[in-house]
Amino acid sequence: MPMPTIQSIEGQLEPHPDVALVAKVRGGDVSAYDTLVRKYERQLFRIAQHITQNREDAEDVMQDAFLKAYEKLEQFQGNSKFYTWLVRIAVNESLMRLRKRRTGRMVSIDEDIETDEGSVPRDLADWAPDPEQNYGQAELAEILRKTIQGLPQGFRIVFVLRDVEGLSTEETAETLGLSVPAVKSRLLRARLQLRERLSRYFHKKKRLMETGIVK
Amino acid sequence: MTCKEFLALLDDLIDDEVTPGMRTELQTHLGRCGHCEVVLNTTRKTIEIYRSHEIYDLPTGLRERLHAAIMSRCKKGC
């Protein structure tokens with residue numbers, strides 16, 4: 001069975017470091033699993049939070065996903081990266097959690113994507129060179145949260161997996177059960193919608209600064 | 001190249017998935033279209049901002065609770 005590999009500096013293929021950790025866990029070394037948890041806990045929590053949009057649910061999802069992965073480690077094939085396998089579990093757990101919260105109504109990542117908002121850029125004024133520096137850390141985080149929460153779920157998940165968590169287009173497609181063209185199309189629309197929405201904040205502040213209302 | 005055609009290739013340009021020939025065409029369009037330049041730069045910035053800012057803090061104690069849960073499963077037979 002082929003093992004996931006990374007390209008070493010010398011150009012030779014080496015096993016991904018997670019492969020050794022997974023092997024240790026399978027051999028009974030629980031501390032190796034702690035290492036994997038520490039490595040990916042932030043990513044999994046973020047993904048769960050972006051999908052469920054609820055902090056308590058995200059905590060439960062993260063915990064359940066790591067537990068499930070631990071229990072099903074024997075089923076991990078090794079022909080995909082451990083991280084993407086873990087992400088797939090977290091995405092499924094998150095969608096299940098949403099379904100429960102909505103009393104059994106089916107939850108699909110195709111929800112609410114029939115929108116053309118942002119597909120054609122309207123706000124074409126430039127941003128300040130470092131617009132985020134016009135805001136405090138907490139204020140900026142709130143703007144970024146509000147903005148991404150307003151995206152249709154089917155766009156939000158694709159953007160988070162692809163652009164924030166660094167999955168490839170193919171990995172994102174496989175994780176979400178979508179085709180590669182569908183991922184590409186959603187990613188473009190997600191990026192453009194986010195850009196459009198962020199423009200409102202970054203322009204406003206910039207214009208106010210120019211008029212001297214805000215320093 | 002029209003703005004619409006540029007926009008259709010925006011992601012490929014951002015993700016560096018264009019052929020050298022296509023890149024030249026896109027650069028030519030950018031050289032004479034300020035609007036598309038703004039869209040490209042601010043879209044890149046959008047991605048960078050979301051990548052570089054932690055907007056959801058990991059709850060305190062979550063790692064410990066998870067560790068305890070894993071240990072408890074472990075005692076039950078791993």
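Here are a few notes on this predicted model, covering a helix in chain A, one residue elsewhere in that chain, and the contact between chains A and B.

1. Start with helix H6 of chain A, which spans residues 153–164. Of its 12 residues, 11 are buried, so the helix is largely enclosed by the rest of the structure. The buried set includes charged-looking names you might want to look up in the viewer: Arg156(A), Arg162(A) and Asp163(A). Also buried there are Phe155(A), Ile157(A), Val158(A), Phe159(A), Val160(A) and Leu161(A), along with Gln153(A) and Gly154(A).

2. Look just past the end of that helix too. Gly166(A) has a positive phi there, about 80°.

3. Now for Asn92(A), which sits in helix H4 of chain A, residues 82–101. Is Asn92(A) buried or exposed? Neither, quite: Asn92(A) has 15 other C-beta atoms within 10 Å, so it counts as partly exposed. Along the chain, Thr175(A) is 83 residues away from Asn92(A), yet their C-alpha atoms are separated by 9.0 Å.

4. On to the contact between the chains. Chain A puts in 36 residues and chain B puts in 28. On the chain B side, the elements giving two or more residues are helix H2 (10–14), helix H4 (34–52) and helix H5 (62–75). H4(B) supplies the largest share, with 11 residues.

5. As for the make-up of that chain B side, 16 residues are nonpolar, 6 are polar and 6 are charged.

Conventions. Residues numbered from 1 in each chain as written. Chains lettered and ligands numbered in written order. Predicted model: local features only at pLDDT ≥ 70, side-chain atom pairs only at ≥ 80, totals over all residues. Helix = DSSP H or I, 4+ residues; strand = E, 2+ residues; numbered from the N terminus. Buried ≥ 20, exposed ≤ 12 C-beta atoms within 10 Å, placed from the backbone. Contact = placed C-beta atoms within 7 Å. Nonpolar A, V, L, I, M, F, W, Y, C, P; charged D, E, K, R; others polar.
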